[in-house]
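Open the structure in your viewer and keep the selection tool at hand. We will go from stop to stop, and at each one you will hear what to select and what to look for.

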Amino acid sequence: MAEDIKAKLERYKTAPFDSRFPNQNQTRNCWQNYLDFHRCEKAMAAKGADATPCQWYQRVYKSLCPTAWVS
């Protein structure tokens, strides 16, 4: 499973289509991925597991959100 996640991260180009956010305005999609990233990191830290799968959410929200919001 870890190899599958690493392969997806290597092939990552931009955020994939998310059917929960079909409209042109992607503000909520940005916010949801930001929250998912921090929830994932918190959950992995609580388990003592590697947080590598959380990088997916980070890459998605960094590609969707305006640069001023990310910094």
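A residue counts as buried when its relative accessible area is under 20%, and as exposed when that area is over 50%. Keep in mind throughout that this is a predicted model.

**Stop 1: an aspartate in a helix**

Select D36, which lies in helix α2. Is D36 buried or exposed? Its relative accessibility is 16%, so D36 counts as buried. Now add R39 to the selection. The side chains of D36 and R39 meet in a salt bridge, with 3.9 Å from N to O. Both residues belong to helix α2 and sit three residues apart, about one turn of the helix. An α-helix has 3.6 residues a turn, so residues three or four places apart point the same way. R39 has a relative accessible area of 52%, so this partner is exposed. For a sense of distance, display the C-alpha atoms of D36 and N25: they are eleven residues apart along the chain and separated by 19 Å.

**Stop 2: the whole of helix α2**

Extend the selection to residues 27-47, which make up helix α2. The helix has 21 residues, and from its first C-alpha to its last it reaches 30 Å, close to the 30 Å expected at 1.5 Å a residue. Colour N29, C30, N33, D36, F37, C40 and M44, which are the buried residues here. Why do they line one face of the helix? Looking down the axis of α2, you will find the buried residues within an arc of 125°, so they share one face.

Now turn the helix around. On the other side of α2, the exposed residues are R28, R39, K42, A45 and A46. Turn back to the buried face and show α3 (55-64) and α4 (67-70), because these are the helices that the buried residues of α2 pack against. Before moving on, click on G48, just after α2, where phi is positive at about 80°.

**Stop 3: the core**

Select C30, F37, C40, M44, C54, Y61 and C65. These seven residues form the largest nonpolar core. Which helix gives the most to this core? Helix α2 does, with four residues.

Zoom in on F37 and show what surrounds it. Leaving aside neighbours within four places in sequence, F37 is in contact with C54, Y57, Q58 and Y61. Two of these names, C54 and Y61, are also on the list of core residues.

**Stop 4: the first disulfide**

How many disulfides does a search of the whole structure find? The search finds two. Begin with C30 and C65, whose sulfur atoms are 1.7 Å apart in a disulfide. C30 lies in helix α2 and C65 in the loop between α3 and α4, so the pair ties together parts that are 35 residues apart in sequence. The torsion about the S-S bond of C30 and C65 is about 105°, so this disulfide is right-handed. Both cysteines are buried, and C30 has a relative accessible area of 6%.

Stay on C30 and show its contacts. Not counting residues up to four places away in sequence, C30 touches Y61, L64, C65 and W69. You can also select S63: its C-alpha atom is 8.5 Å from that of C30, although the two residues are 33 residues apart along the chain.

**Stop 5: the second disulfide**

Select C40 and C54, which are joined by a disulfide with 2.0 Å from S to S. This pair also links distant parts of the chain, with C40 in helix α2 and C54 in the loop between α2 and α3, 14 residues apart. The link of C40 and C54 is left-handed, with -80° about the S-S bond. C40 is buried at a relative accessible area of 16%, and C54 counts as buried at 0%. Counting bonded cysteines along the chain, the disulfides follow the pattern 1-4, 2-3.

**Stop 6: the other salt bridge**

The count of salt bridges comes to two, and you have already visited that of D36 and R39. For the other, select R20 and D18, where the closest N and O atoms are 2.7 Å apart. Side chains of opposite charge can pair when their charged atoms come close. At 17% relative accessibility, D18 counts as buried.

Conventions
Residues numbered from 1 in each chain as written. Predicted model: local features only at pLDDT ≥ 70, side-chain atom pairs only at ≥ 80, totals over all residues. Heavy atoms only, no water. Core = buried A, V, L, I, M, F, W, Y, C linked by side-chain atoms within 4.5 Å. Buried < 20%, exposed > 50% of the residue type's maximum accessible area, 1.4 Å probe, protein only. Helix = DSSP H or I, 4+ residues; strand = E, 2+ residues; numbered from the N terminus. Contact = heavy atoms within 4.5 Å. Expected span 1.5 Å × (residues − 1). Arc of directions from axis to C-beta. Salt bridge = Lys/Arg side-chain N within 4 Å of Asp/Glu carboxyl O. Disulfide = S-S within 2.5 Å.
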